[in-house]
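This report introduces a protein with a bound ligand and looks at the surroundings of that ligand. Please look over the sequence and the structure before reading on.

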Amino acid sequence: MGNETVVVAETAGSIKVAVVVCLLRGQNVLLGRRRSSLGDSTFSLPSGHLEFGESFEECAARELKEETDLDIGKIELLTVTNNLFLDEAKPSQYVAVFMRAVLADPRQEPQNIEPKFCDGWGWYEWDNLPKPLFWPLENAVQDGFNPFPT
Ligand code: 8DG
Ligand code: MG
């Protein structure tokens with residue numbers, strides 16, 4: 001019994017918080033094709049890990065800047081999802097905090113700052129999203145998630 005507890009503790013992964021940015025411009029949302037051990041080649045929203053002391057808004061602005069060089073204007077909290085990645089060498093669980101944001105300057109275009117992690121950024125219509133989507137995003141869409149104001 002005691003040994004089992006130790007095994008579980010060693011193999012169980014960590015729980016992390018990811019902030020996911022739904023950057024909206026008109027009817028479009030910003031997506032990029034991932035280069036990652038998690039969801040390689042799938043389309044996902046810009047996202048990253050919450051750092052100690054950060055607000056969700058600060059994290060979203062920082063991650064977007066680091067990955068696209070874009071600057072956020074208005075930003076608000078949308079929803080959270082709970083995602084288990086069990087197929088990895090080290091299983092992990094992500095609490096994904098979805099934020100909705102618009103650009104400070106709508107004329108600004110995304111740059112692919114981290115080409116090792118992303119093939120490039122593009123604007124896509126919500127009703128015509130590219131495939132395949134990163135599975136946590138696909139799940140959210142299947143559950144009726146829509147970042148556009150109603
Ligand atoms: P960082 O180390 O630079 O902070 O993070 P990152 O390297 O930019 O991480 P990321 O993979 O871009 O995003 C963090 C994680 O967020 C990702 O590995 C899995 C998790 N995640 C979810 N749901 C979603 C989602 O819907 N979209 C995206 N992009 N990531 C998500 O749990
Ligand atoms: Mg990222």
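## Polar contacts of the ligand

In this predicted model, a polar atom in the side chain of R34 is found 3.0 Å from an oxygen atom of ligand 1. The side chain of S47 also takes part, with an N or O atom that lies 2.6 Å from an oxygen atom of ligand 1, and in the side chain of E63 a polar atom is placed 3.0 Å from an oxygen atom of the ligand. Taken on its own, ligand 1 has 630 Å² of accessible area, of which the protein covers 81%.

## The shell around the ligand

Ligand 1 is surrounded by 19 residues, and the closest of these are R34, L45, S47, H49 and N83. By character, the residues of this shell comprise eleven that are nonpolar, five that are polar and three that are charged.

## The pocket that holds the ligand

Where does ligand 1 sit? Its place is in the largest pocket, and the elements that contribute two or more residues to the shell around the ligand are the strands β1 (15–25), β4 (47–49), β5 (72–85) and β6 (92–103), together with the helices α2 (56–68) and α3 (135–142).

The volume of the largest pocket is about 780 Å³. This pocket is lined by 36 residues, and those closest to its centre are R34, S36, S47, G48 and H49. Two or more lining residues come from each of β1, β2 (28–34), β4, α2, β5, β6, β7 (118–125) and α3. When the residues of the lining are divided by character, 15 are nonpolar, nine are polar and twelve are charged.

## Backbone features in two loops

Two details of the backbone may also be followed in the structure. Which residues does a cis peptide bond join? The bond links K131 and P132, with an omega of about -5°, and P132 belongs to the loop between β7 and α3.

The other detail concerns S41, a residue other than glycine that nevertheless has a positive phi, near 75°. S41 is located in the loop between β2 and β3 (43–44).

Note on methods
Residues are numbered from 1 along each chain as its sequence is written. Chains are lettered from A and ligands numbered from 1 in the order in which they are written. This is a predicted model: local features need pLDDT of at least 70, side-chain atom pairs count only at pLDDT 80 or more; totals for chains, interfaces and linings use all residues. Side-chain values use heavy atoms; hydrogens and water are left out. A residue is near a molecule or strand if one of its heavy atoms lies within 4 Å of it. A polar contact is a pair of N or O atoms within 3.5 Å; within protein, one must be able to donate a hydrogen and the other to accept it, and residues adjacent in sequence count only if both atoms are side-chain atoms. Accessible areas come from the Shrake-Rupley method with a 1.4 Å probe; for residues, only the protein chains shown count as cover. On a 1 Å grid over the protein atoms alone, a cavity is a set of points where a 1.4 Å probe fits but cannot get out, and a pocket is an open set with protein on both sides within 12 Å along at least five of seven lines; lining residues have an atom within 4 Å of a point. A molecule sits in a cavity or pocket if more than half of its atoms lie within 2 Å of its grid points. Helices (H or I, at least four residues) and strands (E, at least two) are DSSP runs, numbered from the N terminus. Ala, Val, Leu, Ile, Met, Phe, Trp, Tyr, Cys and Pro count as nonpolar, Asp, Glu, Lys and Arg as charged, and the others, Gly among them, as polar. Grid points are joined across faces, edges and corners, and a volume is the space filled by probe spheres set on the points.
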